[in-house]
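Hi,

Here's the structure I promised to pass on. Have a look at it first, and then read on for what turned up when I went through it.

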Amino acid sequence: MLIAGFPAGAWGTNCYLVAPAAGEECVIIDPGHQAADGVAEAVAKHRLKPVAVVLTHGHIDHVASVVPVCGAHDVPAWIHPADRYMMSDPEKALGRAFGAQLMGELTVGEPSDVHELTDGSVLNLAGLELTVSHAPGHTKGSVTFGLPDAGDVPPVFFSGDLLFAGSIGRTDLPGGDHAEMIESLARVCLPLDDSTVVLSGHGPQTTIGRERATNPYLREVAAGRGSSDAPRRGM
């Protein structure tokens, strides 16, 4: 399996290109702020053919390049219906003060072809099987994508802004909800095998085992509390 990732834009949002191998079809996850050039470079370097863009949630730092990337490769975008409005109205998604800082710089809107994600569905794209888990808390329409183990490659979990190395996503923006975040962490993350590689929306990769042992939020969720006041990450 090939996973090419890079941090993009002002918020260092991780964009991933996932394919069975170099020279094959691929899926693009979260082409955010200023990600289009990085996507083009990765496509050329690994001789990839994009077939879809899939989005963990609708915040502008994860979707800002969805229109140019989908347009350049003539592919659809997939997003949860609860976050779909954010592609066209990021100010509403972030709050007026935050959103106003961005509106002069960004061209927003939907790509021409948008599909909606549902909890528990499996996307068969580019020879991959991406399992979708609805994981609200950071936003109402946040999702994660899981890939099963493939031979010598352990399972992979694209966590978006649900789970980070040492932290979790913030819940203080419009649509955020702490209780939903705790429920999502318990339902989506805790059942995963310790060997699962976590590729998140921001920061370095980690594993579920490492986070189960060291992440203050996940440890408290596992203990049935979920009230840590350690710093959180993400937009």
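Which residues does Val66 touch, if you leave out those up to four places away in sequence? They are Pro31, Val53, Leu55, Ala77, Met87 and Pro111. Before you read too much into that, bear in mind that this is a predicted model.

**The big picture**

The protein has eight helices and 14 strands. Of its 235 residues, 54% count as buried. If you take the contacts between residues at least 6 apart in sequence, 62% of them join residues at least 24 apart.

**The cores**

Val66 also turns up in the largest nonpolar core, a set of 29 residues. Along with Leu17, Ile28, Val39 and Val53, Val66 is among those with the most contacts inside that core. The elements giving two or more residues to this core are the strands β1 (2-8), β2 (13-19), β3 (25-29) and β5 (77-79), plus the helices α1 (36-46), α2 (60-63) and α3 (66-73). The top contributor is β1, with four residues. There's also a second, separate core of 22 residues, and Val18, Ile29, Ala52 and Val143 are included in that one. As background, nonpolar side chains tend to be buried together in soluble globular proteins.

**Two helices with a buried side**

Start with α3, where the buried residues are Val66, Val69 and Cys70. They cover an arc of only 95° around the axis, so they sit on the same side of α3. Gly71 and Ala72, on the other side of α3, are exposed. What do the buried residues of α3 pack against? The answer is β3, α1, β4 (49-54), α2 and β5. Just after α3 comes Asp74, with a positive phi near 55°.

Helix α6 (residues 178-189) gives a similar kind of picture. Its twelve residues should span 16 Å at 1.5 Å a residue, and its end C-alpha atoms are indeed 16 Å apart, so the two agree. Buried in α6 are Met181, Ile182, Ser184, Leu185, Val188 and Cys189. Those residues lie on the same side of α6, because they cover an arc of only 160° around the axis. The general reason to expect such patterns is that an α-helix has 3.6 residues a turn, so residues three or four places apart point the same way. At the N-terminal end of α6, Asp177 acts as the cap, with a side-chain oxygen 3.0 Å from the backbone nitrogen of Ala179.

**Cysteines**

How many disulfides does a search of the whole structure find? Zero. Take Cys15: the closest cysteine sulfur is in Cys26, and at 9.5 Å it is too far for a bond. Cys15 counts as buried because its relative accessibility is 0%. Cys26 is in no disulfide either, with the sulfur of Cys15 as its nearest cysteine sulfur. At 0% relative accessibility, Cys26 counts as buried too.

**A few single residues**

Is Thr196 buried or exposed? Its relative accessibility is 3%, so Thr196 counts as buried. You'll find Thr196 in the loop between α6 and β13 (197-200). A polar atom of the Thr196 side chain lies 2.9 Å from the backbone oxygen of Asp193. Leaving out residues up to four places away in sequence, Thr196 touches Pro155, Val156, Phe157, Thr206, Thr207 and Ile208.

His46 is in helix α1, and at 18% relative accessibility His46 counts as buried, since the cut-off is under 20%. Ala22 is 24 residues away from His46 along the chain, yet their C-alpha atoms are separated by 5.1 Å. Apart from neighbours within four places in sequence, His46 is in contact with Leu2, Ala4, Ala22 and Gly23.

Last, the loop between β3 and α1 holds both Asp30 and Gln34. Most residues other than glycine have a negative phi. Asp30, though, has a positive phi, near 60°, and for Gln34 phi is also positive and near 60°. As for accessibility, Asp30 counts as buried at 2%, whereas Gln34 counts as exposed at 55%.

Cheers

Methods
Residues are numbered from 1 along each chain as its sequence is written. This is a predicted model: local features need pLDDT of at least 70, side-chain atom pairs count only at pLDDT 80 or more; totals for chains, interfaces and linings use all residues. Side-chain values use heavy atoms; hydrogens and water are left out. The expected span of a helix is 1.5 Å times one less than its number of residues. Buried means under 20% relative accessible area, exposed over 50%, partly exposed in between (1.4 Å probe, protein chains only). The arc is that of the directions from the helix axis to the C-beta atoms. A polar contact is a pair of N or O atoms within 3.5 Å; within protein, one must be able to donate a hydrogen and the other to accept it, and residues adjacent in sequence count only if both atoms are side-chain atoms. A nonpolar core is a set of buried Ala, Val, Leu, Ile, Met, Phe, Trp, Tyr and Cys residues joined through side-chain atoms within 4.5 Å. Contact means heavy atoms within 4.5 Å. A disulfide is a pair of cysteine sulfur atoms within 2.5 Å.
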